Amino acid sequence: MTTNEFGFYFEKQGRSGNEGPIDPAQQYFEGSHADQAVVRETAQNTLDNKGTGVDGPIRMEFELKEIKTDDIPGIDGLRNHLLAAAKNTEGQQGHDRIAQAVALSNEESISVLRISDYNTTGLTGCESLKTKESPLSRLTRGTGGSNDDERGGSFGIGSAVGPMASDLCTVIYTSLPEDSDCSVLAGYTRLATHLIDGESFRAEGFYTNLNRIDDFEYQRPAPEIGSFSKRTEPGTDIYILGYRMSGRDPNLVGVRTAMISNFMAAIKNGNLIVEGITTDNSWTLNAEELGRYVKDLPEERAFYDALEYSEPVEEEIDKVGKVKLYINLDDSLDKKLHTVTMRAPLMKIDTFKHTSIPNKYAAVLICDSVEGNKYLRQLEPPQHHKWDEAREPEYGKKIVEALKGFVKKSLNKKISSEIGEEIKIEGLSRFLPINSEKGNGREGSDKVEPSPSDHEVKGESSSVKGKPQERNIDPIPPVKKLSVKVQQPAKPAGPDDIDNKIKPGKRNKKRKKRGKGQKGSGSARIPGQSIRFRSWSANNDEKGVALITLAVTAGTTERGDLTLAALGSGGEAEEKYILPILRAVSHSSEGSMELEYSGNTLKNVSLTEGKLTRIDIHLPAGERYRLGVV
């Protein structure tokens, strides 16, 4: 697309230094995949720019399509500068990228990724040299500077990700600011120092009115670009010309995964909705759909479970304010996933690792207070990937140590209350119906997957919960080893004698009949290998009654009977032992429901695909088991 007035303007080099084809600002992001860097920088800035008086979530749209190369604003003049830059960089590192851009500029069509935001302010302000602090100026022609309000990014270098992700080294911006009814178009390219007709030009080019020699003047109103729709409401569009990931990620699955990994909390809390649009596919990430997409992402699923199913631990920390920690203890994980941290935009920043914690877990630490956001922001390097205490010598170390201390204390307390003293039972797998997706396929594999995580779980944990103890400190739960001793359980005389079955250690005490223990009409059995589960002893206020909670998640929607397995009080596998169940209650997103049961089988249990169902098993006081599903 060519006009007589507008095109890419390159300042003459004069006495400035030579600029090579490698942009130092882009190197902050080259260590990441282009989709990761683009997602993190654009979404962070978008979340910081919610429109004035706007209710509801911010929306982002990633649209990938082919357009005619000649529809790119200023493409004719840009071709000349690309060719000159390629000639001037021969033999230099980075020359191949400029040469690739020259070839792409001469193709008939080009792949373009448009990133649009809605319910935002748009790029307010003016592009004039006299208004360097306006959001429009900072994004389209500024580097290394930012205001305290974060609009434009913490370092003012986020604009470098566009050219970094562009095989044409060029990005176009269109925006409709909330304080104007006229849209604006700007553009930026970063090449290398180059010669045209004996005149040396700098590496940066800006799309502006070429007839003005005293100042910048962007194009208003913004023209349509190719077949992309025209903007009609406040917000900003970023066009990455020649999106370098388009061939490897034609349906923007990488963009979706990057969004889930980095902005899961913002999406789950309803602050952000993200849409992906391609020629052959479309998808939506919102609070309702998030659970469906994390199912195939094991690590992200573990953090999602922490946010979805755990009550946060809260604490006030000096200079940070209130922080919240969500913990998912999950011994079916392949490894410890540690604690991801985030501040107000709810973007993943640092990962806290506590090597002294032996259990597998995934946790999320959130500090979204105004005060905490201000201080923590100052501890972040340009990549926004950690909280570096050295960046603020006065208080940085104190804040980071306080946050890590809070996380460690909370993890130990959670482990102590939910798991207590863990007993490893050597050889137990010989007596339990265990299968493992990642094991050797044999019954008796010691690999267990007893927790609602992203993996499909097929087994029961080989551990027994001991009695938790009250302590003034938060120690690592001790591990004891026991050997399995085979005992032949007593054989009941018949079905009528089940309720009089004598328990080990309770030989003269019969169980009282309570609850809905009548024999049900019968239904299909839900097999243990089709669900994920874990169990623990929970607090219970009912006198004389103990409570064991079973957390169950099904890979598909199921309705049927669940048969439980129990371990005896001495650690032996009681294969035919009848649990003294007094009552069973199912809790799910649909509400709570009393369950009927017969022996060890819970009747007519409903499980919804991907959703956790909590089942509370009430037993006589003093009875503590590790339960599993056969």
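**Helix α2 and a five-stranded sheet**

Let's start with helix α2. Its buried residues pack against β1 (6-12), α3 (95-105), β4 (170-176), β5 (184-190) and β6 (194-196). Keep in mind that this is a predicted model.

Which residues of α2 are buried? They are Ile75, Leu78, Arg79, His81, Leu82, Ala84, Ala85 and Ala86. Here is some background on that pattern. An α-helix has 3.6 residues a turn, so residues three or four places apart point the same way.

Now the length. Helix α2 covers residues 75-88, which is 14 residues. At 1.5 Å a residue, the expected span is 20 Å. The C-alpha atoms at its ends are 20 Å apart, so the two values agree.

Next, the sheet. Strands of a sheet pair through backbone hydrogen bonds, either parallel or antiparallel. This sheet is open, with five strands and mixed pairing. The order runs β11-β12-β15-β13-β14. Which strands stand at the edges? Those are β11 and β14 (348-352). Each has a single partner strand, so one side of each lacks a neighbour in the sheet. From one strand to the next, the twist averages 25°.

Let's look at one pair. Strand β11 spans residues 313-317, and strand β12 spans residues 321-329. They pair in the antiparallel sense, over five bridges. Who stands opposite whom? Glu314 faces Lys324 in β12. Ile317 stands opposite Gly321 in β12.

Last, the turn. β11 and β12 form a hairpin, with three residues between them. Lys319 sits in that turn, and its phi is positive, at about 70°.

How values were computed: Residues numbered from 1 in each chain as written. Predicted model: local features only at pLDDT ≥ 70, side-chain atom pairs only at ≥ 80, totals over all residues. Heavy atoms only, no water. Pairing = 2+ DSSP bridges. Helix = DSSP H or I, 4+ residues; strand = E, 2+ residues; numbered from the N terminus. Expected span 1.5 Å × (residues − 1). Buried < 20%, exposed > 50% of the residue type's maximum accessible area, 1.4 Å probe, protein only. Contact = heavy atoms within 4.5 Å. Axes fitted to C-alpha atoms, helices over the stretch in contact; angles between N-to-C directions.
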